[in-house]
Every structure is written in structure tokens, then in C-alpha cells.
Amino acid sequence: MEAICLKALEKDPAQRYPSAAELADDIDRYLEGEPVQARAPGRLELLARQARRHKIVLQASAAVAAIALLAWGLVRLQSSRAASEVADAHTKVQEEKKQYQEKIAEITKGIEDLKKDRDHRKAGQAYEEMLKGATTDEDRRKLTGQIEDAKIMEDLHARLVKSVAETRKKGETLHTTDGKEVSGDVLMADQEMVILYADGRSVEVPWSKVRTADYDRFLRTYLSEPDDETAFALGIYAQSQGDYEWARRSYLLVPTDAKLRTRAEAKLAELGYETESARETRLKMERDRDEEERERQARQKAEQTFRKIVTDAEKLAREHDYDRALAGLKAAARNPEMMSLSRKFEGEMQVLEHGRKGWLMRAAGLTDWIGKEIVIPRGKSSLRGNLESLESSGTLVLSGPTAEARVRVKWEDLSDNLRSEAVSAALRRDASLALPYVLCRVLDGDLEAAERLEYLFPETTAFGLPETEPLAERLVDRGILFRYFGQLRSRADLARSELFERGGTVYSREHLTVSKDLFGRSGRAYTAEELRALGLYGRSGVAYTLADLVTEGLYGRDGVALTPDELRERQLYEHDGLAFTLSEALSQGLSVGPFASRFGTLKQSTLKSGGGTAGSEEAVRGALCWLARHQNPDGSWSAQTPNRVCGEAACGGSGLRGNDVGVTALALLTFLGAGCFERSSDLEHFSKKHQELNGGEVVSKATAWLVSKQDADGCVGGQVGKYMYNHLAGTLALVEASALSESSSLRQAAQSAVDFTLAAQNPYKGWRYGKRCGDNDTSVTGWAIMALKSASLSTLKVGQAGFDGAKAWIMEVADDTYYKAGYTSRGTGLVVTPENQDFAPHEAITAIAMMCRMCIDRDWTDPALEGGAKMLMDDLPTWDPVAKKIDFYYWHYGTLALYQYDGPNGPHWTIWNKAMISALVPNQRTAMDMCAEGSWDADTKNGIGRWAFEGGRVYTTAMAALTLETCYRYPSMFPSKDRPPGPSETSRKPGKTK
């Protein structure tokens with residue numbers, strides 16, 4: 001049918017159907033399913049038709065292709081030049097390095113010449129100059145030593161001159177090397193020269209001209225018995241002259257001064273000599289190491305032997321053969337190889353002695369029953385008989401009616417009452433036997449019985465534990481700790497001694513810390529469950545009250561005391577010593593977390609101090625309600641068609657479809673900025689109208705939709721076209737949503753978005769429309785810094801490289817005034833498109849640069865901030881669609897920058913804030929506008945919103961609401977005190993344009 005229509009509509013009559021009848025026949029053939037005569041044009045014919053139809057476009061395309069080819073050639077040329085410049089720079093660096101090395105070599109040669117001339121002062125100065133350019137610690141250390149040596153030689157030379165002057169009458173003869181040899185008697189000398197009397201006249205000879213052999217001889221003659229400093233200086237001089245034997249002998253003449261002795265030995269080591277003292281020290285250290293190793297091996301062997309002896313002794317003790325056990329220990333203690341463990345043997349023997357007394361006490365208690373009838377319970381039945389005897393092993397023999405009825409019963413088979421009665425009987429005779437009984441039970445392995453001792457014998461005030469460490473250690477090893485030598489204490493006494501009791505066992509704080517299951521307070525040890533029931537919080541063996549937590553800088557939750565670092569790891573927030581999840585804190589009206597100023601009473605106080613009004617906050621509520629009502633069912637907002645949820649009363653104001661991710665992120669940010677998060681119940685606190693709206697649902701759906709648009713690389717919105725604006729707005733929204741959420745998956749999505757942002761940055765520069773595209777612009781970079789700054793506040797992993805690169809870019813595009821910033825290069829601040837080219841210019845890019853500087857450096861004294869603030873104050877917000885001054889983007893960033901610069905009560909902010917509220921609030925749509933109520937118009941053609949054609953009504957409404965939320969969205973970075981006065985309110989008028 002398409003072919004028939006095209007043939008009937010051919011421009012050339014010769015190509016059409018000859019008559020209407022033939023057209024009708026062809027249509028009939030089509031209806032009957034038969035082949036038709038008309039044929040569709042081929043590709044070449046279609047191409048030719050398109051070319052004829054679009055001649056102008058074709059010519060323009062050719063021109064564009066030519067320009068692109070030319071631009072490609074220019075880029076290649078520029079790249080070639082850049083490579084050449086890099087190569088030249090590398091060559092220059094290498095050349096400078098070579099020149100530096102040559103300069104060092106020249107200075108070194110000059111120093112050697114100065115040494116030959118014996119001008120050690122100038123040599124030292126030269127070393128100091130070299131030290132200024134030293135780049136390694138080794139070079140600096142070496143040069144520092146050479147400077148010290150030069151000073152020593154300068155001092156030596158001065159003393160030599162003094163000695164020469166004092167001995168001038170002796171007629172000392174010196175020889176010179178000035179051309180022909182000159183010799184003469186010394187008359188006098190100074191620092192520069194020596195005066196000789198030769199051939200009947202006086203000759204002035206510089207010290208550098210004195211023959212080296214004579215100079216050395218003079219030194220040896222007049223300094224034959226040098227002090228330590230002189231001897232060390234002589235060694236340095238001899239070493240510099242290559243006379244290493246003289247140097248060695250000089251260094252060996254430094255016997256007393258410890259510091260110089262150490263340096264002299266180091267110099268000798270350089271010469272390959274080892275002094276006798278150094279040799280003795282080395283040999284002594286080797287002997288000490290060998291002796292220490294032998295002692296360690298001997299101790300290790302002795303400890304192994306000791307453990308075996310003790311194990312055998314305790315085995316005998318459990319069989320109540322204490323005599324053999326003690327004999328074994330005593331014999332081992334007399335062994336010379338065991339002498340180092342004598343105190344341990346003493347403690348073990350004391351344990352066995354007490355254990356034997358305990359067994360005897362038990363036996364003494366049972367002796368009272370011999371011949372008496374006792375009953376021993378056995379399960380459901382019992383055994384009755386007379387106690388006939390008590391064997392050495394502690395076994396009881398009961399006799400029945402006949403000899404065959406004799407029964408042997410172990411001590412452990414007795415009931416608790418019987419055992420307790422027997423022990424009590426013995427204790428009534430001698431209360432000091434209480435501890436021996438405990439040790440007896442310990443040796444038997446019955447720790448539980450030993451721990452019950454406090455309850456069995458509450459009248460006992462002291463166990464009488466011998467004051468020896470080994471015995472106390474043995475008790476600790478078996479799980480029983482009797483501090484203060486076994487004295488029973490009240491819990492008050494325990495608390496004063498930092499001891500804690502549980503189940504009859506007393507613990508130290510160290511024991512509680514190691515156990516990790518108990519926590520002590522006021523002499524009691526508690527389990528974690530008991531802490532929670534009592535409202536206490538445990539950490540490292542200590543139980544804290546809420547007041548203790550505040551004092552110690554800890555925070556309690558679920559019976560556990562947490563440090564600030566642990567709070568951050570668990571995404572918890574603190575308030576008055578307690579840790580809360582975000583939802584718990586907000587449900588109790590607390591303002592916590594990185595965005596605390598958005599909630600509760602803190603929000604109200606911040607709104608008031610920041611210049612917010614009832615009208616501005618009502619405008620925010622209206623915007624949130626309009627956005628909530630125009631959210632799509634899937635959680636997104638549409639830039640192009642926000643009207644599809646309006647019904648018959650369409651709001652109007654369309655943007656571009658490709659910006660749905662960006663406007664959804666902006667809309668979500670308005671809810672987050674106003675303190676609405678995923679667990680918020682409704683929007684009643686935003687508006688008394690529309691109470692059916694659920695704020696938590698709005699946020700949850702929008703967040704889920706953004707996460708669904710994130711690709712495997714972490715990019716939000718997909719990597720198509722100029723996608724970085726969408727991604728960065730989405731990243732900022734996900735970061736703030738994750739900070740206000742307890743979802744680990746959402747936090748992971750936010751971190752992934754941040755990671756992609758950092759990966760997309762141009763190396764050492766900023767960002768633009770694509771990942772590492774090579775181009776940069778300040779606008780996109782501003783959104784990236786906002787996202788990274790929020791991420792760092794939310795404790796996501798960011799690093800410093802992103803901020804450093806952005807700072808370098810901001811500095812690169814700053815003009816000569818330093819504060820006016822360019823868009824894609826210096827001097828390109830105004831950004832226009834065909835749709836908004838007739839709008840009034842604004843310094844939006846400078847405002848973005850200000851915000852970036854403050855986020856990166858937080859330096860209020862930066863002159864760029866003051867200069868940028870003055871520019872913004874010359875262009876205050878004013879609603880003037882005729883002059884086309886309405887720019888929501890400029891107003892948003894200008895408001896952020898000035899609030900951070902000197903909000904909440906600074907002079908710049910006060911003036912700007914009033915102008916901003918006056919521009920936005922009166923021009924918001926009202927109830928008379930029906931469905932559009934709460935929104936702001938988006939009409940670029942008629943001067944409302946420079947960039948409204950991009951994002952539509954969702955964009956203008958979200959940007960206006962975010963601007964009005966500024967004073968509580970992000971707290972001011974700088975304190976308001978100590979600031980210079982700003983502009984007076986009468987010096988600026990709203991709407992004044994620079």
C-alpha cells in the first residue's frame with residue numbers, strides 16, 4: 001500500500017499512474033492479495049530524493065564534517081605540541097639535574113682546594129651551602145658531620161697559630177713551596193700567614209704555602225701531648241691528608257671525653273680499625289648472648305622437669321599418699337639444676353602440706369561417727385549401716401547385720417549434708433583448717449566444693465593462706481582467686497579493692513576483661529543479660545551507668561558500651577551517653593547524624609537563626625505536596641510529562657525526557673532536605689492538607705527507582721549522552737538517603753556511585769559530561785564536589801584525590817582577580833544555549849566555585865570568597881520575567897555559597913536571604929491555580945527559568961524548594977564571630993545587576 005501511495009503522489013507526472021482506472025486496478029490487486037505494479041523506491045533513489053529535498057542541510061553537514069576534520073587536525077597538532085612540550089620539560093629536568101651535579105662536583109673540588117689552603121672556615125661555609133640543597137637524610141647526615149669536622153679543624157688551626165706566636169723566639173725553621181723553596185726562622189704568625197726571617201729580611205708566607213711536611217711536623221712538635229679535642233682534630237686532619245696511620249694514632253689519644261670517644265671510634269671504624277675497648281665490648285656482648293641462650297635453655301628444661309614432678313606429686317596427692325608426694329618434691333628441690341625454681345617448689349610443698357591437713361581434718365570429722373549408724377542415699381534407695389573404719393584413701397567401711405554385708409563407700413558418695421557435718425565438726429575443733437580443706441578439695445579436683453566454702457563457713461574470717469606468690473598463683477590457675485591472702489570480704493570491701501564476686505568466686509578486673517562474659521560493678525560481677533535488665537552497659541570487664549558513660553566518653557546500647565569509632569562502624573548516633581539508630585533518634589525527637597539540622601528542635605532553631613520565615617517554610621511544604629502528588633507510580637518524576645498524573649487540570653511546564661533521573665534526584669533531595677526519610681509516616685508536618693500523602697513512601701519509592709537505574713559500574717542513569725549531570729544529582733541523592741537510612745544495601749549503592757564519580761574524574765582536573773572525557777567544566781565539577789562532600793560527612797570512602805583535582809581545576813579557570821571563575825576555561829563564565837541566550841547574565845559559575853573552595857579548604861580568610869561574595873551581592877535575586885533575570889540555578893548556588901560564607905546571621909547572607917525569599921515565595925502557585933498549587937512555573941520562552949526548558953516544572957519546583965531549605969540543609973561551615981563587617985543593607989538593592 002505504501003508503494004501504491006508513493007507512486008500516486010510522485011512529483012514527476014510521468015512517474016504517476018496514467019489514469020485513475022489503473023490506480024483502482026492496482027488497489028484491487030492489493031486487496032485480492034495479488035502482486036501490484038507499483039514498486040517501492042530503492043535505497044539509492046531514496047538517498048537522492050533526500051539530498052534534493054534537504055540541499056541546505058546536506059551542505060551544512062558537509063561544512064560541519066569539514067570543520068570536524070579541521071578540528072581533528074588541530075587536536076592532533078595540539079597533542080603533538082603537548083608531547084613535544086613534555087619531552088622538552090623532561091629534557092630540561094635532566095639538564096637541570098646534570099647542572100646541579102656539576103655544581104656539586106665543582107663545590108666539592110673547591111672545598112678540597114680550601115682544605116689544601118687550610119681555610120677550614122670557608123670549607124665549612126661551602127658544606128653549609130651544600131646542606132641546603134641536600135635531598136636525602138643520608139646526604140644531610142654526612143654533610144652535617146663534615147661541617148662539624150671543618151669547625152674542629154678551624155679551631156685547631158687557630159690554636160696552632162697561637163702556639164707559633166708564643167714560640168717565635170725559638171728560631172723554628174719552616175719551608176715554603178712558593179716557586180723555589182724558601183726557608184727561614186719563624187718570627188710570628190696570625191690566622192692568615194706566618195712571617196719568616198730569611199736572607200736578612202722578613203717574608204710573609206700564607207699558611208697554604210707552608211710545606212705540608214713542615215705543617216705536620218709543627219703540629220706534632222707543639223701538640224705532642226694534645227687534649228681530647230686536639231687529638232680528635234689531629235685525626236681528622238691526618239685522615240684528610242691520607243696519613244691513616246697518624247690518624248689512627250691520633251684517634252686513639254682520645255681516652256676521656258665520652259662523646260668524642262664515640263666519634264673517634266666511629267672514625268676508626270671508617271679506617272677499618274677496631275679499638276681494644278670496642279673489641280672487648282663486642283666480645284662481651286657475644287659472651288652475654290651465649291650465656292643468655294644457655295640460661296634460657298636451662299630454664300626451659302627445668303620448667304619441663306618441674307611440671308612433670310608436680311604432676312606426679314599431685315597424682316599421689318589425689319590418692320591421699322601425701323608423704324610420698326612431699327618426699328618427691330623435696331628430693332627434686334635439692335637437685336642443683338632445680339635451685340632456680342626453689343620458690344615454686346616451696347609453694348607446691350605448701351599446697352600439699354595444706355592438702356594433707358585438709359584430708360586429716362576430713363578424717364578427724366569422720367572419726368566421731370565410728371561405731372555410729374549412718375544413712376547414705378543411693379538414688380531412690382539408701383544404704384544404712386555402722387561406720388566401722390576409715391581407710392587411708394578416704395574410703396568408709398560400713399558394716400551391716402552380717403560380715404558379708406560390709407560395704408565400702410567413697411567420700412564423694414556421701415550426701416552434701418553428711419560431708420558438711422563432718423567438715424563442720426573438724427572446723428569446730430580448729431577453724432584454721434578451713435583453707436587446708438579447700439586445698440584438699442582443689443587437689444581432688446572438686447573445685448565446686450571449694451567455691452562453696454564461703455557459704456559453708458560464713459563465720460570463718462580468714463583462711464590463713466600463707467603469704468607466698470606461688471601458692472596464690474596455684475589457686476588462680478585452678479580457677480579460684482582469694483585476694484588479700486584468702487580473707488573473706490564484704491562486697492563493699494571488694495568494691496574498694498576493685499574486686500568482684502559471683503557464685504562464691506572473686507574476680508579481679510583483669511580476669512573479667514579476659515573472660516569477656518562478665519562485667520564488674522560495686523563488688524558484683526554481672527552477665528551481659530543482667531546488664532541489660534539493670535540498665536547497665538559493659539565494656540572490658542567494667543559495668544557502667546549512664547552517668548559513667550557520659551564521664552568516660554562512651555555510649556551505651558543493648559548493655560554494651562561503645563566508643564565513637566564503633567558508633568560510626570555500626571551507623572549509630574549518640575545523645576547524652578546513649579546510642580540510637582536514626583529511626584529511634586528521630587522518633588524521640590532527637591537531632592543526630594551528619595544532617596541533624598534538618599530535624600526536630602534543631603531544625604526550628606536553625607530556621608529561625610538563618611532568616612527563614614513562616615512564609616518560606618509554608619512554600620517548602622507546598623512544594624513537597626505538589627511533588628508528592630506528581631510522583632509516578634514507579635517512584636520517578638518526569639521532566640517531559642509531569643502532567644500525566646494531573647488528570648484534566650494539567651499543570652504544564654515540560655522539560656526534556658532524558659533528564660528524568662536528574663529531576664527525580666532533585667525532587668528526592670527536597671524531601672531529604674526537609675527532614676523526610678524512608679521511615680517517615682506522613683506529610684502532616686509539611687501540610688495540613690493532603691494528609692493522605694505518605695512521606696516515607698515517597699522517599700522509599702524514589703530511592704528504589706534511582707538504585708534500579710544504577711549500572712554495574714555504579715553510574716546512576718546509564719552512560720549515554722551527557723550523563724554526568726544525571727549521575728551526580730543521583731549520587732548526591734543516594735548519599736544523603738543512605739545517611740538517613742539503616743539499609744546496608746542502600747549504603748553500598750551510594751558507595752558504588754561515589755566510586756564511579758571518582759573514576760570518572762579527569763586526572764588532576766574536574767569533571768564534565770562523560771567519564772574521563774578530557775574536557776572539564778565548573779558546573780559539573782560543582783555537583784561532583786557537593787556529592788563527595790556529603791559522602792565524606794556520611795563516612796563513605798572518598799579520599800582526597802577528588803578534592804585536590806577539583807581545586808586544581810578551580811584555580812586554573814580563575815581569572816586575574818582570582819575569584820571570578822570560568823566555565824570551561826578562564827573567562828568563559830556565561831553559559832548560554834539558543835533557548836536562553838537572551839537571558840540576563842549571572843555569576844552562577846563564580847557561586848559554584850565559591851562553594852567548591854569552601855567544601856575543599858574550609859578557609860574563610862580566602863580572598864576568593866570575599867571577592868566572589870561581592871560579585872553575588874551586586875546581582876541579588878529578583879523576579880523579573882520581562883528582563884529575563886529569573887535563574888533558579890544561579891539562585892540555588894548563590895544561596896548555598898553565601899549561607900556557607902557568612903550565614904546564619906552574617907551581613908551578606910541577611911541581605912541575600914531577604915531578596916531570595918521575596919523573589920520566590922510570592923511567585924509560587926497558590927490554591928487558585930488548582931493542580932499547580934505549590935509549584936513554580938517553567939517557561940523559558942517567557943523569561944521564567946533560564947534552564948526550565950531542560951527539567952520542566954519538576955526542576956523549577958525542586959530547585960526553588962532546595963533554595964528555601966538552605967539554612968537547615970547544611971550547617972554553616974564557619975563560625976560567625978571574628979568576621980569583618982560586610983555590606984550594609986542600604987548599600988545593596990534587590991535586583992541590582994553588575
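These legends walk through several close-up views of a predicted model.

The model is predicted, and local features are described at pLDDT of at least 70, side-chain atom pairs count only at pLDDT 80 or more, and totals for chains, interfaces and linings use all residues. Residues are numbered from 1 along each chain as its sequence is written, and side-chain values use heavy atoms, with hydrogens and water left out.

**View 1. An open sheet of 4 strands runs in the order β5-β6-β7-β8.**
Pairing in this sheet is antiparallel. Its edges are β5 (373–378) and β8 (407–409), each of which pairs on one side only. From one strand to the next, the twist averages 50°. Look next at β5 and β6 (residues 381–390), which are joined in the antiparallel sense over 6 bridges; here I374 stands opposite G385 of β6. A word on terms: strands (E, at least two residues) and helices (H or I, at least four residues) are DSSP runs, numbered from the N terminus. Two strands pair if DSSP finds at least two bridges between them. Axes are lines fitted to C-alpha atoms, for helices over the stretch in contact, with angles from 0 to 180 degrees between N-to-C directions.

**View 2. Strands β11 and β12 form a hairpin with 2 residues between them.**
Strand β11 (residues 518–521) pairs with β12 (residues 524–527) in the antiparallel sense, over 4 bridges. Opposite G520 you will find A525 in β12. S522 is worth a look too, with a positive phi near 50° in this hairpin.

**View 3. The largest pocket has a volume of about 880 Å³.**
A pocket is an open set of points on a 1 Å grid over the protein atoms alone, with protein on both sides within 12 Å along at least five of seven lines, while a cavity is a set where a 1.4 Å probe fits but cannot get out; lining residues have an atom within 4 Å of a point. Grid points are joined across faces, edges and corners, and a volume is the space filled by probe spheres set on the points. The largest pocket has 34 lining residues, and those nearest its centre are N659, Y725, Y769, W947 and E950. At least two lining residues come from each of α28 (660–673), α30 (724–739), α32 (778–793), α34 (844–857) and α38, and α28 gives the most, with 4 residues. By class, the lining holds 18 nonpolar, 12 polar and 4 charged residues. In this scheme Ala, Val, Leu, Ile, Met, Phe, Trp, Tyr, Cys and Pro count as nonpolar, Asp, Glu, Lys and Arg as charged, and the others, Gly among them, as polar.

**View 4. The second largest pocket holds about 580 Å³ of space.**
It is lined by 22 residues, with G145, Q146, D149, K267 and E270 closest to its centre. Two or more of the lining residues come from each of α5 (120–132), α6 (137–166), α8 (228–240) and α10 (258–270). Helix α6 supplies the largest share, 9 residues. The lining of this second largest pocket divides into 8 nonpolar, 5 polar and 9 charged residues.

**View 5. The largest cavity has a volume of about 50 Å³.**
The structure holds 3 cavities of 30 Å³ or more. Lining the largest are G610, G611, G612, S616, W909, N913, M916, I917, T963, L964 and C967. Both α37 (907–920) and α38 (948–964) supply at least two of these residues, and α37 has the largest share, with 4. The lining comprises 5 nonpolar and 6 polar residues, with no charged ones.

**View 6. Helix α28 packs against α38 at an angle of about 30°.**
The axes of α28 and α38 are 9 Å apart. That angle makes α28 roughly parallel to α38, a label for angles under 35 degrees (over 145 is roughly antiparallel, 65 to 115 roughly perpendicular, and the rest oblique). The crossing of α28 and α38 is left-handed, meaning that the near helix is turned anticlockwise from the far one by less than a right angle; clockwise would be right-handed.

**View 7. Helix α35 (residues 863–873) packs with α37 at about 25°.**
Their axes are 11 Å apart. This angle makes α35 roughly parallel to α37, and their crossing is left-handed.

**View 8. Two loops carry backbone features worth a closer look.**
Most residues other than glycine have a negative phi, and most peptide bonds are trans. The peptide bond from G903 to P904 is cis, with omega near 5°; P904 lies in the loop between α36 (888–902) and α37. Y764 is not a glycine, yet has a positive phi of about 60°. Its place is the loop between α31 (744–760) and α32.
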